[in-house]
Every structure is written in structure tokens, then in C-alpha cells.
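Work through the exercises below with the structure open. Each task is followed by a worked solution.

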Amino acid sequence: ENSPAPLPERAIYGFALFLGSWFGFMLYLIWAYVPETWLFSLGLTYWPQKYWAVALPAYLLVAIGIGYILLFGINMMSTAPLNSTHTITDNYAKKQQQKKFQEEAIPALRDIPISEVNRMFFLPEK
Amino acid sequence: MEERPYRSASGAPIALRCRQHSASCRELVVRCPRLQLRSLSAVTSAVWLAAYALFVLSENSMVLSAAIFITLIGLIIYLHFVKIDQESLLVIGSLGIQVTSSYASGKESTTFIEMGQVKDVVINEAIHMQKVVYYLCILLQDPGDPQGVSEVVPLFQSSKPRLDCLIEVYKSCQEILEQRKTALQSS
């Protein structure tokens with residue numbers, strides 16, 4: 001039912017978006033380049049200042065550049081500090097239920113406490 | 001009681017000394033590398049050359065005296081608040097754990113955690129500034145929940161020993177902490 005294969009409806013949406021984006025681009029070029037007096041003579045007076053035709057792309061590019069740095073910074077801020085319990089456990093691990101141990105069966109999947117993991121790794125088995 | 005050389009996470013040489021005071025008391029001291037003369041002279045000459053360049057540009061001799069003042073004050077602040085000489089961990093089986101940091105100026109800062117609050121001493125690995133680091137930490141018991149951890153106290157944050165040194169310290173601590181468990185079971 002939900003497959004990414006091409007469908008006639010999707011082709012129509014795509015063509016409509018294509019025409020719409022070309023129209024938008026032509027409108028932007030007309031607004032940016034055609035002198036104000038020509039537009040006024042046609043009766044089109046209530047358009048934004050041409051200043052924005054340069055300012056908006058500049059804002060967009062600077063925002064994209066800052067976005068890279070911002071994403072990096074947000075990642076670093078959401079990393080748990082070394083003294084927080086989130087480096088050891090979380091809500092799902094605290095609320096997990098212990099399944100009963102069955103003979104001859106593989107033990108159930110669970111979040112092993114860090115003390116047990118340390119003992120297994122670093123204390124040699126005698 | 002001899003000192004064994006290890007490396008810190010950044011490659012600097014550190015030394016670990018393990019002293020056994022009694023059957024249930026052990027002291028582990030990690031000594032950080034001393035302040036290097038070459039880094040001190042590099043920073044001092046950089047600051048003084050920059051100040052001299054400013055003096056040549058501005059003809060103001062206050063810049064030179066300000067540079068000397070800043071260098072001296074900066075060095076004193078660094079030695080007293082930042083540069084750690086050694087970090088030690090004293091584990092007393094029935095009493096608690098004491099963590100001491102000695103600064104290069106002689107200042108010592110101590111923290112004591114009593115044994116009732118200590119759940120375990122483990123080696124944890126966590127992400128720190130685009131790196132995954134191993135560090136030793138004390139897990140404090142949550143008073144309401146016997147399985148829970150209320151707080152994590154990281155140790156050796158300035159000397160940052162590598163995993164081989166941490167395993168030695170971990171084994172020493174676990175020997176003392178196990179005595180606590182056998183004492184609990186027998187009583």
C-alpha cells in the first residue's frame with residue numbers, strides 16, 4: 001500500500017510543484033530587476049521594498065552557516081556530563097522487569113548493571 | 001610501594017603509587033607531570049613579545065608593565081587553582097573513601113564519602129568532547145532504592161589515566177569493597 005513507486009497522482013503533484021517553483025522564481029526575478037516606475041505604471045504599487053530581494057538570500061545563507069555551528073553546539077550541550085547518572089542508566093533500564101531464569105534456555109535480554117559489567121571485564125575469572 | 005609509570009589520556013607521563021596501610025586500608029596516588037619549563041617559557045615569551053609589539057605601536061610604556069603584571073598574576077592563579085600535582089584515593093574498608101587533589105601551589109582539596117553511601121567503584125566510559133573516555137567513578141547509593149544510583153562522582157579528572165592504570169586502581173578498590181560484602185553476609 002505505501003510504496004515509493006511512481007504513481008500518476010505523484011507525477012501530477014511533481015509537475016504542479018515544478019510549474020509553481022518556476023513561476024515563483026520568475027516572480028522573484030521580476031520583483032528584483034524591473035524598475036519601480038515600470039511596476040507603478042502597470043498599477044502594481046503594493047510590493048515589498050527591493051531591499052528585501054537582496055537581504056532575504058543573505059539572511060538565508062548566514063542562517064544556514066550558523067545552523068551548522070548551532071547543531072554542533074546543541075549536540076555538545078545535550079551530551080550528558082561525566083558526573084550524571086544518564087551515563088549509566090535511564091528510565092527504561094530502571095523500570096525493566098526481571099524475567100525468571102529458565103534452565104537450558106538463553107537468558108532474556110536485559111540491561112546489565114554497570115557493576116556486573118565491570119566485574120566481568122576487569123576482574124579475572126579464577 | 002613502588003611507583004609505576006603510566007600514560008594519561010593525552011599521552012603525558014603519569015605515575016601510580018599504591019600503598020597498603022593495613023588489610024582494609026589502601027591509598028592510591030596518581031602523580032601528574034610537573035609544569036614544563038618549555039611551555040612556561042613559550043607562554044611567557046609569547047605574551048611579552050605581543051606586549052612589546054603593542055608598545056612599539058602605541059608608545060605607551062604601561063603596556064610593558066601590564067604584561068609583566070599579567071604574567072605573574074596569571075602564573076600564580078594557574079598554580080593555585082588549575083595545575084594539579086597529584087590526586088589520591090584513600091579507601092578505608094569500614095569507614096569510607098577520601099579523594100584528595102593537591103595543587104602545585106601546595107593547596108589540597110579533600111572530599112570524604114562515607115562507606116554507607118558508596119554503592120560501588122566502577123570504570124565508566126562516556127562521551128566527552130568528541131572523544132570516548134574511560135574514567136573511574138564512585139557510584140553513590142540511592143537511599144530509597146537499593147538498586148538505584150543517586151550520584152556519580154568522577155575521579156582522577158585532571159590526571160586522566162588510561163585504561164591500564166584504571167584497571168589497577170579498580171582491582172585494588174574492589175578487593176577492599178569485597179571485604180565489606182563478606183562482612184555484611186557474615187553478620
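**Exercise 1.** Classify B:Trp48 by its accessibility.

Solution. The relative accessibility of B:Trp48 is 42%, so the residue counts as partly exposed. Buried means under 20% relative accessible area, exposed over 50%, and partly exposed in between (1.4 Å probe, protein chains only). Next, place the residue: B:Trp48 sits in helix α1 of chain B.

The model is predicted: local features need pLDDT of at least 70, side-chain atom pairs count only at pLDDT 80 or more, and totals for chains, interfaces and linings use all residues. Residues are numbered from 1 along each chain as its sequence is written, and side-chain values use heavy atoms, without hydrogens and water.

**Exercise 2.** Find the nonpolar surface patch that includes B:Trp48 and trace its helices.

Solution. The patch covers about 1100 Å², and its members include B:Trp48, B:Leu35, B:Phe69 and B:Phe81. Patch residues have over 30% relative accessible area and no salt bridge; nonpolar side chains are joined within 5 Å. Now assign elements. In chain B, α1 (37-58) and α2 (62-82) each supply at least two residues. The largest share, eight residues, comes from α2(B).

**Exercise 3.** Describe the largest nonpolar core and the contacts of B:Leu136.

Solution. A core joins buried nonpolar residues through side-chain atoms within 4.5 Å. The largest has 29 residues; B:Leu89, B:Ile97, B:Leu136, B:Ile138 and B:Val169 touch the most other members. α3(B) gives the most to this core, eight residues. Beyond four places in sequence, B:Leu136 is in contact (heavy atoms within 4.5 Å) with residues including B:Leu89, B:Val121, B:Phe156 and B:Val169. Another core, of 11 residues, lies apart; B:Tyr135 is among them.

Terms used:
Chains lettered and ligands numbered in written order. Patch = residues over 30% accessible without salt bridge, like charges linked within 9 Å, V, L, I, M, F, W, Y side chains within 5 Å. Areas by Shrake-Rupley, 256 points an atom, 1.4 Å probe, with all protein chains shown as cover. Salt bridge = Lys/Arg side-chain N within 4 Å of Asp/Glu carboxyl O. Helix = DSSP H or I, 4+ residues; strand = E, 2+ residues; numbered from the N terminus.
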